Amino acid sequence: ACLVGSEMCIRDRKFTSPRYQAITGDSLRMFTTEDGGALIRIIAGDLGEFTGPGATHTPITYLHVTLSPGAELKLPLNPAFSAFAYVLTGRGYAGREQRPVSDHQFVMFGPGDHVALRAAESQTGDAEALDILVLGGLPIREPIAHYGPFVMNSREEIIQAIDDYEAGRLGVIPADQLAPRTFA
């Protein structure tokens with residue numbers, strides 16, 4: 001793998017053998033803000049001095065954040081990372097601009113060393129809080145070719161990926177890990 005400036009070259013890494021990690025709720029690093037308004041679960045990567053249990057092939061940050069109504073959070077993030085968030089449930093605001101976000105919306109953050117989030121004062125429906133996944137990683141900046149669920153760098157690689165899938169060469173998730181479960 002090569003690192004050029006703040007961009008990751010991962011062409012060679014995409015053919016790394018797949019692996020599965022069972023990360024259960026009791027293995028997550030969890031902490032709250034001083035006021036108790038935010039619960040942060042670190043799934044992988046680092047957040048300040050805290051490190052999550054997930055092992056990754058490239059540097060990332062992967063968090064599950066729960067914000068109580070009205071709570072605000074400013075998360076430190078590696079300034080070399082691109083960051084995005086996915087709203088699982090609830091309503092709130094994201095970014096310096098405090099743009100409104102709600103259930104199942106995707107947020108792309110601009111450059112900076114922090115991610116800002118705020119939960120709406122009142123939630124709607126069954127949501128009691130703003131639940132959001134926050135992810136960050138080094139930009140890849142490589143060509144993209146896609147077809148269905150496959151994303152590669154070229155049409156030839158897409159054809160090979162489909163052949164690999166049809167031949168069963170893409171790995172298997174262990175059967176005992178397919179059962180539904182809940183995480184704290």
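The legends below describe close-up views of a predicted model.

Residues are numbered from 1 along each chain as its sequence is written. Because the model is predicted, local features need pLDDT of at least 70, side-chain atom pairs count only at pLDDT 80 or more, and totals for chains, interfaces and linings use all residues, while side-chain values use heavy atoms, with hydrogens and water left out.

**Figure 1. Overview of the protein chain.**
The protein chain has one helix and 15 strands; helices (H or I, at least four residues) and strands (E, at least two) are DSSP runs, numbered from the N terminus. Of its 184 residues, 35% count as buried, where buried means under 20% relative accessible area, exposed over 50% and partly exposed in between (1.4 Å probe, protein chains only). The chain exposes about 11500 Å², of which carbon and sulfur atoms supply 54%; accessible areas come from the Shrake-Rupley method with a 1.4 Å probe, and for residues only the protein chains shown count as cover. Among contacts between residues at least 6 apart in sequence, 58% join residues at least 24 apart, a contact being heavy atoms within 4.5 Å.

**Figure 2. The open sheet β7-β12-β9-β10.**
Four strands form this open sheet, with antiparallel pairing; two strands pair if DSSP finds at least two bridges between them. β7 (72-76) and β10 (99-102) stand at the edges with a single partner strand each, so one side of each is left without a neighbour in the sheet. From one strand to the next, the twist averages 30 degrees; the axes behind this angle are lines fitted to C-alpha atoms (for helices, over the stretch in contact), and angles run from 0 to 180 degrees between N-to-C directions.

**Figure 3. Strand β9 and its two partners, β10 and β12.**
Strand β9 (residues 91-94) pairs with β10 in the antiparallel sense over four bridges, and three bridges join β9 to β12, again antiparallel. Y93 has P100 as its bridge partner in β10 and stands opposite R118 in β12. In a regular strand the side chains alternate between the two faces of the sheet. In β9, G92 and A94 make up the covered face, whereas R91 and Y93 make up the uncovered one.

**Figure 4. Positive phi values in the loops on either side of β10.**
β9 and β10 form a hairpin with four residues between them, and G95 in the turn has a positive phi of about 80 degrees. Most residues other than glycine have a negative phi. Q98, in the loop between β9 and β10, has a positive phi near 55 degrees although it is not a glycine. Q98 is partly exposed, at a relative accessible area of 26%. H104, also a residue other than glycine, has a positive phi near 65 degrees and lies in the loop between β10 and β11 (106-109). H104 is exposed, with a relative accessible area of 55%.

**Figure 5. Surroundings of T66 in strand β6.**
T66 is found in β6, residues 60-67, and counts as buried at 17% relative accessibility. Its side chain makes a polar contact of 3.1 Å with that of R41 and one of 2.4 Å with that of D131. A polar contact is a pair of N or O atoms within 3.5 Å; within protein, one must be able to donate a hydrogen and the other to accept it, and residues adjacent in sequence count only if both atoms are side-chain atoms. Leaving aside neighbours within four places in sequence, the residues in contact with T66 are G37, A38, L39, R41, A129, L130 and D131.

**Figure 6. The salt bridge between R169 and D164.**
The structure holds one salt bridge, defined as a side-chain nitrogen of Lys or Arg within 4 Å of a carboxyl oxygen of Asp or Glu. R169 and D164 form it, with 2.8 Å between the closest N and O atoms. D164 is buried, its relative accessible area being 15%.

**Figure 7. Two exposed loop residues, E121 and P149.**
E121 lies in the loop between β12 (114-119) and β13 (130-137) and is exposed, with a relative accessible area of 63%. Beyond its neighbours within four places in sequence, E121 is in contact with P69 and G70. The C-alpha atoms of E121 and G92 are separated by 8.2 Å, with the two residues 29 apart along the chain. P149 belongs to the loop between β14 (145-147) and β15 (150-152) and is exposed at 75% relative accessible area. P149 and I162 are 13 residues apart in sequence and 9.8 Å apart in space, C-alpha to C-alpha.
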